[in-house]
Structure formats: structure tokens, C-alpha cells
Amino acid sequence: MQDTPSPIPLIILDVQDAIDQPVWDGKSHPDYLSVIQRLLHFWRSNGWPVLHVKHDEKAPTSSYYLHGPWNGIKKEVAPIEGEAVIIKNENCAFIGTRLDAVLKGMQTKRIVLTGVVIHNSMDATVRAGKALGYTVILPSDATTAVPVIGPDGTCWDASTVHALTLAILGTEYAEVMSSDTLITQLSQ
């Protein structure tokens with residue numbers, strides 16, 4: 001990380017009411033939302049940029065369905081005036097959205113990515129962000145995973161999925177650290 005603490009945008013990805021539906025049960029880190037709230041408060045108190053990415057899924061069977069009852073951004077992290085909301089229709093926040101253009105307009109190459117879930121939209125966004133030349137900072141406790149069942153019926157518990165995904169992303173694609181470490185580094 002560089003010495004200059006700003007402007008590093010905080011991106012909150014897919015933190016919508018949909019994530020509380022039964023399909024997303026068994027989260028590895030159910031306290032992820034309070035961690036994101038703490039980071040959001042830290043960012044806002046410093047006047048740093050915050051971007052919200054909202055998933056508007058076109059498939060009516062999805063809990064994130066754009067016309068569904070759970071599509072709204074969770075009130076605990078709802079945007080305030082001046083905070084951009086970027087709409088996405090794919091798992092990756094860079095595909096078919098204005099996220100890259102907004103970040104280029106900020107003249108930043110570093111982002112802090114939080115949200116849900118680490119092995120789906122977060123993973124896709126981290127990898128695309130790295131490919132686009134961004135340094136992605138990933139607070140490990142500001143995201144979560146759910147259990148995954150493979151095509152052969154093998155089930156991996158959420159904690160294993162969370163740890164393994166962070167380990168993979170941290171080897172090449174992102175700077176993985178705790179939110180406490182991130183806040184300490186940005187406060188120096």
C-alpha cells in the first residue's frame with residue numbers, strides 16, 4: 001500500500017436484502033455486515049469516496065431479481081447523497097457497467113472491495129479489477145461465503161470456501177487483510 005490514504009474508493013458489492021434469503025444460509029462470517037458498516041463509517045468520516053454496486057438479476061428465480069421483493073440495498077449500508085450506485089446484471093461488477101469509467105474519472109488505481117459472496121461476484125470482480133490494472137484491497141472479514149456443493153455432490157463448508165477463496169485471491173489478485181489492519185494502515 002502507498003503512504004497516501006485517499007482517495008481509495010470503498011466499493012460495497014451486492015449487499016442487498018436478497019442475501020438474507022434461505023439460498024444464502026450458512027454464511028461463514030455472519031458478522032460481515034457490521035464490518036462493512038464500520039468501514040463505511042470510517043470512509044464517510046474521512047470524506048472518501050464510496051461506491052455501491054447493486055445486482056439487478058434478470059432471472060425471476062433469483063433472490064436478486066430486479067423486480068423482486070429483496071432487490072433493495074440493505075438499509076444498514078444504504079447510499080447517502082453523493083454516493084454513486086452502479087447497477088450490474090452479471091456477477092462481475094466491471095462487465096456491462098460504468099464502474100471502470102467511474103474509477104478512471106476518480107483517477108484511482110486502488111480500490112477496497114467489500115460485499116457478498118467471496119466465491120461468486122466478489123471473486124469475479126477482484127479478478128477483472130486486477131486484469132484492468134487496479135490494485136484490489138480485500139478486507140477478509142468484510143465478506144462471507146456459503147457452503148458449495150460440487151457436481152459430484154461433494155459439499156464444502158462455508159468456512160473452507162471462504163478461506164480457500166481468500167487464499168487463492170491473495171496469491172495473485174488482491175491484497176488480503178483484516179479490516180482492522182486496513183484501518184490501521186490508512187490511519188497512519
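The legends below accompany close-up views of a predicted model.

**View 1. The open sheet of six strands and its order.** In this predicted model, six strands form an open sheet in the order 3-2-1-4-5-8, and the pairing between them is parallel. Strand 3 and strand 8 stand at the edges, and because each has a single partner strand, one side of each is left without a neighbour in the sheet. From one strand to the next, the twist averages 25°. Strand 1 and strand 2 run parallel and are joined by four bridges, with L10 standing opposite V50 in strand 2. Helix 5, residues 179-187, packs on the sheet, where it touches strand 4, strand 5 and strand 8, and its direction makes about 110° with that of strand 8.

**View 2. Strand 5 and its two partner strands.** Strand 5 spans residues 135-139 and is mostly covered, four of its five residues being buried. Strand 4, residues 110-115, runs parallel to strand 5 and is joined to it by three bridges; within this pairing, V112 stands opposite I137 of strand 5. Between these two strands the chain passes through helix 3, residues 118-131, and the resulting β-α-β crossover is right-handed. Strand 5 also pairs with strand 8, residues 175-177, again in the parallel sense and over three bridges, and here P139 has M177 of strand 8 as its bridge partner.

**View 3. The salt bridge between K88 and D14.** Side chains of opposite charge can pair when their charged atoms come close. By the distance rule applied here, the model holds seven salt bridges, and one of them joins the side chains of K88 and D14, with an N to O distance of 3.1 Å. This pair links distant parts of the chain, since K88 belongs to strand 3 (residues 84-88) whereas D14 lies in the loop between strand 1 (10-13) and helix 1 (32-46), the two being 74 residues apart. Both K88 and D14 are buried.

**View 4. The salt bridge between K74 and D20.** K74 forms a salt bridge with D20, and the closest N and O atoms of the pair are 2.4 Å apart. Here too distant parts of the chain are linked, with K74 in the loop between strand 2 (50-55) and strand 3, D20 in the loop between strand 1 and helix 1, and 54 residues separating them. K74 has a relative accessible area of 6% and is therefore buried, whereas D20, at 43%, is partly exposed.

**View 5. The salt bridge between D123 and R127 within helix 3.** The side chains of D123 and R127 meet in a salt bridge with an N to O distance of 2.7 Å. Both residues lie in helix 3, four residues apart, which corresponds to about one turn of the helix. Because its relative accessible area is 15%, D123 counts as buried, while R127, with a relative accessible area of 30%, is partly exposed.

**View 6. The packing of helix 1 against helix 5.** Two packed helices are described by the angle between their axes and the distance between the axes. Helix 1 and helix 5 pack at an angle of about 10°, and their axes are 11 Å apart. Angles under 35 degrees count as roughly parallel, and helix 1 and helix 5 are therefore roughly parallel to each other. On the side of helix 1 the contact is made by V35, R38, L39, F42 and W43, and on the side of helix 5 by S179, D180, L182, I183, L186 and S187.

**View 7. The surroundings of L169 and H162 in helix 4.** L169 lies in helix 4, which spans residues 158-172, and with a relative accessible area of 0% this residue is buried. Leaving aside neighbours within four places in sequence, L169 is in contact with I118, D123, V126, R127, L138 and A174. Although L169 and V126 are 43 residues apart in sequence, their C-alpha atoms are 7.7 Å apart in space. H162 also lies in helix 4 and counts as buried, at 11% relative accessibility. Not counting residues up to four places away in sequence, H162 touches S28, I118, S140, T143, T144 and A145, and I118 is thus among the residues in contact with both L169 and H162.

Terms used
Residues numbered from 1 in each chain as written. Predicted model: local features only at pLDDT ≥ 70, side-chain atom pairs only at ≥ 80, totals over all residues. Heavy atoms only, no water. Buried < 20%, exposed > 50% of the residue type's maximum accessible area, 1.4 Å probe, protein only. Pairing = 2+ DSSP bridges. Right-handed = clockwise from strand over helix to strand, strands pointing away. Salt bridge = Lys/Arg side-chain N within 4 Å of Asp/Glu carboxyl O. Axes fitted to C-alpha atoms, helices over the stretch in contact; angles between N-to-C directions. Contact = heavy atoms within 4.5 Å. Parallel < 35°, antiparallel > 145°, perpendicular 65-115°, else oblique.
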